[in-house]
Amino acid sequence: MRSLGHLFANNRTWAAEMTREDPDFFRRLSDQQSPQYLWIGCSDSRVPANQIVGLLPGEMFVHRNVANVVVHTDLNCLSTIQFAVDVLRVGHIIVCGHYGCGGVLAALRNDKLGLIDNWLCHVQDVRWKHQALLKALLTEAEPAQPTV
């Protein structure tokens, strides 16, 4: 197994680069957190929330989970939303999915993956509730295919 030393080295390099570009970056970042956006997205490692919308650290509050699910029983997500709205005063909440989401595809295919099946049942519930609409969509377009 590879050690984590390269991650610490990468962090030092990144911090030095940020400081070289903007000597006050970390001081400003530590002074306050006032993002305008809450991003609720998939925990997929290929979808870096800040980077894909061109924002720096501190400019977007982020909550991630498999298949970007927002459900009324998830106290972690609900607490994040409440904190973002009531404390940080974000102006926008973005729930963002992505092409080829393995969680969504697994739910739609009814794959059995273990503990995650309990989480993906929320996606399956939506699928069952709106089955007629989804069926109509699939007749008009290609079925979802995994992409990167």
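Colleague: How are the three strands ordered in the sheet?
Modeller: The order is β2-β1-β3, in an open sheet with parallel pairing. This is a predicted model, by the way.

Colleague: Which ones are the edge strands?
Modeller: They are β2, residues 60–65, and β3, residues 92–96. Each of them pairs on one side only.

Colleague: By how much are neighbouring strands turned against each other?
Modeller: By 15° on average, with direction ignored.

Colleague: How many bridges join β1 to β2?
Modeller: Six, and the two strands run parallel. One contact to look up is L38, whose bridge partner in β2 is F61.

Colleague: And how many bridges between β1 and β3?
Modeller: Five, again in the parallel sense. β1 covers residues 37–42.

Colleague: Which residue in β3 is the bridge partner of G41?
Modeller: C96. Also find W39: I94 in β3 stands opposite W39.

Colleague: Is β1 mostly covered or mostly open? How many of its residues are buried?
Modeller: Mostly covered. Five of the six residues in β1 are buried.

Colleague: Which helix lies across those strands?
Modeller: α4 does. Helix α4 lies across β1, β2 and β3. Against β2, α4 runs at about 170°.

Colleague: Let's switch to confidence. What is the mean pLDDT of the chain?
Modeller: It is 90. A value of 70 or more is reached by 92% of the residues.

Colleague: Which element has the lowest mean pLDDT, and which the highest?
Modeller: Helix α7, residues 131–140, has the lowest, at 78. Helix α4, residues 75–87, has the highest, at 97.

Colleague: What should I not do where pLDDT is low?
Modeller: Don't read the predicted coordinates in detail there.

Colleague: New topic. How many disulfides are there?
Modeller: Zero, in a search of the whole structure.

Colleague: Why is there no bond between C42 and C101?
Modeller: Because their sulfurs are 3.9 Å apart, which is too far for a bond. The cut-off for a disulfide is within 2.5 Å. For C42, the closest cysteine sulfur is the one in C101. Turn that around, and the nearest cysteine sulfur to C101 is that of C42.

Colleague: Is C42 buried or exposed?
Modeller: Buried, at 7% relative accessibility. C101 counts as buried too, at 4%.

Colleague: Now helix α5. Which of its residues are buried?
Modeller: G103, L105, A106 and A107. Helix α5 spans residues 102–109.

Colleague: What covers them?
Modeller: The cover includes α6, residues 116–129.

Colleague: Which residue follows α5?
Modeller: N110. The phi of N110 is positive, near 60°.

Colleague: Okay, charges. How many salt bridges does the structure hold?
Modeller: Four. Side chains of opposite charge can pair when their charged atoms come close.

Colleague: Which residue does D22 form a salt bridge with?
Modeller: R28. The closest N and O atoms of that pair are 2.4 Å apart. D22 is partly exposed, at 23%. R28 is also partly exposed, at 40%.

Colleague: What about D44? Which residue does it form a salt bridge with?
Modeller: R46, with the closest N and O atoms 2.6 Å apart. Here D44 counts as buried, at 14% relative accessibility. R46 is partly exposed, at 43%.

Colleague: And which residue forms a salt bridge with D111?
Modeller: R109. The closest N and O atoms are 3.1 Å apart there. D111 counts as partly exposed, at 25%.

Colleague: Last one. Where is N50 found?
Modeller: In helix α3, residues 49–52.

Colleague: Why does N50 count as buried?
Modeller: Because its relative accessible area is 18%, and buried means under 20%.

Colleague: Which residues does N50 touch?
Modeller: L55, L56, P57, M60 and V62. That leaves out residues up to four places away in sequence.

Terms used
Residues are numbered from 1 along each chain as its sequence is written. This is a predicted model: local features need pLDDT of at least 70, side-chain atom pairs count only at pLDDT 80 or more; totals for chains, interfaces and linings use all residues. Side-chain values use heavy atoms; hydrogens and water are left out. pLDDT is the predictor's confidence in each residue, from 0 to 100. Helices (H or I, at least four residues) and strands (E, at least two) are DSSP runs, numbered from the N terminus. Buried means under 20% relative accessible area, exposed over 50%, partly exposed in between (1.4 Å probe, protein chains only). Two strands pair if DSSP finds at least two bridges between them. Axes are lines fitted to C-alpha atoms, for helices over the stretch in contact, and angles run from 0 to 180 degrees between N-to-C directions. Contact means heavy atoms within 4.5 Å. A salt bridge is a side-chain nitrogen of Lys or Arg within 4 Å of a carboxyl oxygen of Asp or Glu.
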